[in-house]
Amino acid sequence: ITVEELVNASYERIHEVDDEVHAFLTLNEENAKAQAKELDKQADKTAALFGMPSGIKDNIVTKSLRTTCASQFLDNFHDPLYNATVVQKLSEQKAVTIGKLNMDEFAMGSSNENSSYEPTRNPWNTNYVPGGSSGGSAAAVAAGEVLFALGSDTGGSIRQPAAFCGVVGLKPTYGRVSRFGLVAFASSLDQIGPLTRTVEDNARVLEVIAGHDGMDSTSADIEVPAYTEALTNDVKGLKIAVPKEYLSEGVAPEVKASVMEALKVYESLGATWEEVSLPHSKYAVATYYLLSSSEASANLARFDGVRYGVRSENADNMIDMFKKSRSEGFGEEVKRRIMLGTFALSSGYYDAYYKKAQKVRTLIKQDFEQIFQDYDVVIGPTTPTPAFKVGEKVDDPLTMYANDILTIPVNLAGVPGISIPCGFAKEGLPIGLQIIGKHFDEATVYRTAHAYE
Ligand code: GLN
């Protein structure tokens, strides 16, 4: 197959289904097709992702290609001046950018319903949400519009939509992938990662995007292993920990049943599992929303109507312009987070909220460190339930937040986690199995995931 055929097929599929799925916010059709023709002329076709059609979440900047974060504020941000490091690395390996993918505004949300454009729908059943915030990335892969997509995960935003859409999504270790060019939400939690159909594809993409970057001082100077070589299918002797908090009341029976089935598969492959406890995980949601909103309130201060995006036309003076641009540009959920974060960081409240949340974060991290002294991986569901209906939780932010209960601890601890498909619930909706590993041990996470697949 030629690259041109591959890229054309990608756009044909998009034109066929995306009116319903709404995974894409911006297409790169003309450029991508021209690039495909060029690639077909090249003699050397050995680049790792040669000609692969890919989609990029719209909070990752792409030079001269519109980048909106699904916010009205950046609706006119047509011409970013540079590529994010991950985009640069994909392009060096000759992947083709098909377009930019829908998301919850500034990555705040779990259903895509916070997009200020038409929200993405779940391709398995369009009455259901695709998850969020990387819902466009998961849906585009699930609907066959691209071969892989990049997403970002601050509190579950790669793994939760991967689970809801039946694809493979990895949040790497904090520091594994450069965040340069990722529009910051909560800088101490944000990581970019791949969404794909298979574990092997996922490993292949991570190999390309991972590694130290001088432009991101939190990216780690640790060698990137050949992840694809870890896919040996050998899990004999692997020690699995299953936290009892991950299978407690809030978890739907069908989700629990699928996870138990998966554990049986691992047993049959020679692995062993035991129940453990992550005692502080019950505080994870509260801790996460305090810390992530605090960081967001600082990070989003840069949107003032002067430097980026849309400026209010109704302002009389400069302060008024800041205020009106922010009031008009940000959506409801983003404003809620900025207010919560600003409150938590204000003097008099800092010790009671922000500092306390930081201490709980350390306890949550220690829970994982403790378990990883005796076990190789932690396994549980990715989400307590399969995808929910469009509109079902939209008026109730707290129930929406609770959907992230099983993914958030992983971000707070900084460890890697993957979601892989493990069966279907009623209405044909996919269920996700989450596999969590030690810091910088994506190789074991992939090996475990691949053996089940
Ligand atoms: N749903 C979570 C939130 O709204 C996670 C978001 C994310 O990981 N970007 O904050």
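## The sheet

In this predicted model, 11 strands (DSSP E runs of at least two residues, numbered from the N terminus) form an open sheet with mixed pairing. The order is β1-β3-β2-β4-β6-β5-β10-β11-β9-β7-β8. Two strands pair if DSSP finds at least two bridges between them. The edge strands are β1 (24-27) and β8 (272-276), and each pairs on one side only. On average, neighbouring strands are turned by 30° against each other, direction ignored.

Look at one pair. Strands β10 (residues 417-424) and β11 (residues 430-436) run antiparallel, joined by six bridges. Here Phe 424 stands opposite Pro 430 in β11.

## Helices across the sheet

Helices are DSSP H or I runs of at least four residues. Helix α4 (residues 135-142) lies across β1, β2, β3 (96-101), β4 and β6. It runs at about 155° to β4. Helix α6 lies across β4, β5 (168-171), β6 and β10, at about 145° to β6. Axes are lines fitted to C-alpha atoms, for helices over the stretch in contact (heavy atoms within 4.5 Å), and angles run from 0 to 180 degrees between N-to-C directions.

## Helix α3

Which residues of α3 (residues 85-92) are buried? They are Thr 85, Val 86, Val 87, Lys 89 and Leu 90. Buried means under 20% relative accessible area (1.4 Å probe, protein chains only). These residues pack against β2 (53-57), β4 (148-153), β6 (191-196) and α6 (199-209). Lys 94 follows α3, with a positive phi near 70°.

## Ground rules

Residues are numbered from 1 along each chain as its sequence is written, and side-chain values use heavy atoms, leaving out hydrogens and water. Local features need pLDDT of at least 70, side-chain atom pairs count only at pLDDT 80 or more, and totals for chains, interfaces and linings use all residues.

Definitions and conventions. Buried < 20%, exposed > 50% of the residue type's maximum accessible area, 1.4 Å probe, protein only.
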